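Hi,

Here is the structure I promised to pass on. Please have it open while you read; my notes on its salt bridges follow underneath.

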Amino acid sequence: MTQFHAHRWIILALLLGAVAAVAGGVYRLGYRQALDSLAERSAADLALASDRVTTQLQVYQELAVLMADHPTLKRLDRAEARVAAQGLLREVADKTAALDVFFVDRAGRVVVAAEGVMGRDVTQSSYFHRAMQGALGTGYGVLQPDGRRAYIYAAPNFDVDGRVRGALVVVADVEDVEQTWRGSLPAVFFTNRGGEVFIANRRELLFWQRSAEGPGLSPPDGRQVALRAWMEGPHEIWDLRWSPYLPERALHQAVNLPQIGMVGEILVDVAPAQRLAGLQAAAMAAIVLALGAMLALALERRRTLAEANTVLESRVAARTRALSATNMRLTREVQERQEAEAALKRAQQDLVQAGKLSALGQMSAGISHELNQPLMAIQQYAENGEAFVARGKPERAGENLGRISQMAGRMARIIKNLRAFARNESEPMGRVDLGQVIASAIELTEPRLRQDRVDLIWQPPAEPVFAWGGEVRLSQVFVNLINNAADAMLEQEQREIRIAIETREGEGGARLAVSVRDIGPGLKEPEKIFDPFYSTKAVGSSEGMGLGLSISYGLVQSFGGHIRGVNTGDGAEFTVELDRWRAQGGTDRQQQDEVA
């Protein structure tokens with residue numbers, strides 16, 4: 001037992017050591033990556049701040065260059081010219097926010113100035129000597145007695161013979177330049193050639209001096225501060241705990257700005273990078289601890305599972321036998337269900353066929369009359385033709401033969417519609433000319449409508465209207481609707497049926513709607529009309545069992561359509577809505593129907 005506990009403590013110590021090593025490595029790697037990202041952002045911030053400073057100072061540089069050759073400054077030997085020049089320079093200084101704009105001669109004496117902040121003699125200044133050499137002179141300094149910082153540009157003024165006759169000097173207010181970006185970035189400052197902070201977005205950093213002992217800055221009051229810096233990979237890190245206005249540890253970057261004679265520097269707090277690295281290390285340590293705990297738990301449970309495995313195997317064997325028996329029983333039930341569904345489908349097909357044959361039985365008298373009339377006419381025309389041939393009148397005999405051909409064609413068309421209506425449709429659904437289907441249904445019911453003196457109002461469409469469905473099954477639907485409408489009006493004198501095709505907008509887009517409307521007594525119970533065996537006819541009548549509308553409902557549903565019946569106030573109206581056939585869509589629907 002003691003050996004077991006000692007072994008467990010050794011494993012725990014190894015686990016903790018591994019966690020510490022992994023966490024330390026992750027922290028180091030995460031800190032380096034965070035510093036890389038921080039360095040990219042700080043470099044962009046430093047470039048932005050440097051561009052701001054150089055761009056704003058460049059305005060004064062361009063001002064000095066452009067104003068140096070101003071005509072007003074060409075002749076300053078008279079008092080009136082100097083007064084005019086002074087007015088011009090004051091106006092320029094006011095508009096550009098410059099501290100001063102003045103003109104000096106070759107001797108360094110100020111001839112005319114807007115404000116006179118630089119005194120009367122600038123011979124000791126470096127920017128003056130540079131301008132006297134014919135180049136643009138620059139300089140910076142602190143003005144006395146107010147202590148304002150100034151950046152100076154001196155542009156040479158040339159005589160007609162090319163000699164330098166003087167210089168125009170523009171004095172820019174550095175504090176005005178700082179106003180637009182002060183406090184908007186991390187600590188950014190610009191040191192001059194002497195290592196002194198001359199421009200900064202933190203006022204407390206002004207005039208701090210770069211330390212001669214190493215990286216860092218020293219305060220202007222001469223205090224001794226501890227400076228420490230080190231390299232973290234390619235990055236320079238400063239320890240700034242000696243300043244309350246700067247982060248304790250900061251990433252330092254610098255860029256040389258020769259156009260203004262300074263070095264731009266930035267200090268960015270590395271605390272976020274340290275926190276991010278710490279979070280990553282903590283997360284990894286937690287993951288390793290969790291994995292170690294799960295591994296230990298798995299080892300402990302493995303022993304328990306091994307003991308329970310034998311019991312479990314026996315239970316699994318017993319359950320497997322029970323499941324096998326249940327599976328065999330379910331297989332038999334599935335087979336019986338499939339057989340029942342197949343029988344139901346056959347019964348539905350037989351019921352549809354029975355409905356069609358029932359409709360044919362109701363129309364048989366009218367159809368027989370339609371066939372009997374052409375037959376009698378054919379016999380009469382044949383006898384007449386024989387008599388005309390005997391009399392030597394072949395032209396009249398030919399006319400009778402033509403009439404016989406017309407009658408035969410009419411009989412063939414009637415028989416074709418009857419055969420199409422009576423057959424079992426096995427073809428998949430596809431494109432159907434809705435106008436042709438309605439015309440076939442009308443032709444089948446026309447004898448019965450003529451016999452019962454029913455007026456049918458139907459205007460065929462000028463162009464084919466294609467719907468999605470089956471031609472024979474759709475024909476059966478419209479035959480049932482026309483016969484039902486005629487049956488409803490048998491007890492009244494005026495009998496009229498209207499059929500129309502229109503396009504209606506729905507949630508799924510435009511659909512085709514065929515309405516069959518009568519002027520009968522209407523529907524007694526509209527909500528029950530599509531129920532099987534529902535009928536308003538007398539019990540025991542030979543006119544049907546109440547399956548026509550139920551069959552029609554199922555047929556329309558099989559096309560993805562919808563059928564409904566409503567009362568209109570002066571009769572009943574049945575509407576069949578069908579999907580419009582489209583070339584690509586029709587093909588997809590047809591494939592789905594074949595798979596089903």
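In this predicted model, a search of the whole structure turns up 17 salt bridges. I have picked out a few that may be worth a look on your screen.

Start with Arg 448, which pairs with two acidic residues. Its side chain meets that of Asp 452 in a salt bridge, at 2.6 Å from N to O. Arg 448 also forms a salt bridge with Asp 487, and here the closest N and O atoms are 2.3 Å apart. This second pair links distant parts of the chain: Asp 487 belongs to helix H8 (residues 471-488) and Arg 448 to helix H7 (residues 434-451), with their positions 39 residues apart.

Are these residues buried or exposed? Arg 448 has a relative accessible area of 8%, so it counts as buried, because the cut-off for buried is under 20%. Asp 452 is buried too, at 16% relative accessibility, and Asp 487 is likewise buried.

Next, have a look at Arg 504 and Glu 577. They form a salt bridge whose closest N and O atoms are 3.9 Å apart. It also links distant parts of the chain, as Arg 504 sits in strand S17 (residues 496-506) and Glu 577 in strand S20 (residues 572-579), 73 residues apart. Arg 504 is partly exposed at 26% relative accessibility, whereas Glu 577 is buried at 14%.

Which residues are joined with these two into one network? Through salt bridges that share partners, Glu 502, Arg 504, Arg 511, Arg 564, Glu 577 and Asp 579 are all connected.

Best wishes

Definitions and conventions
Residues are numbered from 1 along each chain as its sequence is written. This is a predicted model: local features need pLDDT of at least 70, side-chain atom pairs count only at pLDDT 80 or more; totals for chains, interfaces and linings use all residues. Side-chain values use heavy atoms; hydrogens and water are left out. A salt bridge is a side-chain nitrogen of Lys or Arg within 4 Å of a carboxyl oxygen of Asp or Glu. Buried means under 20% relative accessible area, exposed over 50%, partly exposed in between (1.4 Å probe, protein chains only). Helices (H or I, at least four residues) and strands (E, at least two) are DSSP runs, numbered from the N terminus.
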